[in-house]
Amino acid sequence: MVFRREVLDMVPVGANQRLWEYLCRSVSALCEQLAPPSSADGVRHQLARALASAEGGIPTLDDVARSLGTTERTLRRRLEVEGTSFRKLVEEVRRDRAADLLARSSVTETALRLGFSDTTAFSHAFRRWFGCPPRELRGARGLRAIKGRERGRARGRGDSAPRYTLR
């Protein structure tokens with residue numbers, strides 16, 4: 001079936017303009033929700049899933065690219081366009097997960113679950129992220145201090161010296 005352009009552009013006699021506008025807004029909102037997330041979001045999701053699995057550890061860039069249906073080179077290029085890298089995203093996901101894991105696990109177990117080769121490497125990274133060793137902030141009191149620091153950054157204190165409030 002073929003229709004002329006003029007016929008397709010015609011407004012039906014009983015058309016409801018308000019309903020049409022409502023439907024257009026609804027479709028636009030749904031399209032935004034269903035739009036594919038950025039490549040960085042997809043990588044974050046895959047990394048968080050891997051860390052939450054029973055085995056823990058960090059998948060390779062190639063594994064993540066394959067799970068996202070692309071190649072390593074394409075994923076690397078997309079992340080670069082978005083202003084980030086696989087290494088930065090791994091660091092971000094590990095940092096976010098570290099505080100939660102430490103509240104429930106030992107330092108050694110947390111290090112292994114986050115894919116670090118040993119506790120020393122984890123301790124160095126933790127010190128870089130939070131300004132103190134993991135043993136100092138282990139447990140509920142430490143977790144509150146970390147969360148307080150993150151809230152402080154969100155309020156604009158930036159990357160100044162660590163400010164912890166242990167209660």
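These points concern helices α3, α5 and α8 and some of the residues in and beside them.

1. Basis. The model is predicted; local features need pLDDT of at least 70, side-chain atom pairs count only at pLDDT 80 or more, and totals for chains, interfaces and linings use all residues. Residues are numbered from 1 along each chain as its sequence is written, and side-chain values use heavy atoms, with hydrogens and water left out. Helices are DSSP runs (H or I, at least four residues), numbered from the N terminus.

2. Gln46. This residue belongs to helix α3, residues 39–52. Gln46 is buried, at a relative accessible area of 14% (buried is under 20%, exposed over 50%, partly exposed in between, with a 1.4 Å probe and protein chains only). Its side chain makes a polar contact of 3.3 Å with that of Ser67 (a pair of N or O atoms within 3.5 Å; within protein, one must be able to donate a hydrogen and the other to accept it, and residues adjacent in sequence count only if both atoms are side-chain atoms). Setting aside residues up to four places away in sequence, Gln46 touches Val64, Ser67 and Leu68 (contact is heavy atoms within 4.5 Å).

3. Ser39. Ser39 is also placed in α3 and counts as buried, at 15% relative accessibility. Beyond its neighbours within four places in sequence, Ser39 contacts Leu75, Arg78, Leu79 and Glu82. Ser39 and Leu75 are 36 residues apart in sequence, with 7.2 Å between their C-alpha atoms.

4. Helix α5. In α5 (residues 72–81), the buried residues are Thr74, Leu75 and Leu79. They lie on the same side of α5, because their arc around the axis is only 135° (taken from the directions from the helix axis to the C-beta atoms). Arg73, Glu80 and Val81 are exposed on the other side. The cover over the buried residues of α5 includes α3, α4 (61–67) and α6 (86–104). Gly83, just after α5, has a positive phi of about 80°.

5. Helix α8. The 12 residues of α8 (residues 119–130) should span 16 Å at 1.5 Å a residue, and the end C-alpha atoms are 16 Å apart, in agreement (the expected span is 1.5 Å times one less than the number of residues). Phe122, Ala125, Phe126, Trp129 and Phe130 are buried in α8. These cover an arc of only 110° around the axis, so they are on the same side of α8. The face turned away from the buried side carries the exposed residues His124 and Arg128.

6. Ends of α8. Asp118 caps the N-terminal end, with a side-chain oxygen 3.2 Å from the backbone nitrogen of Thr120. Just after α8, Gly131 takes a positive phi of about 80°.

Note on methods:
Helices (H or I, at least four residues) and strands (E, at least two) are DSSP runs, numbered from the N terminus.
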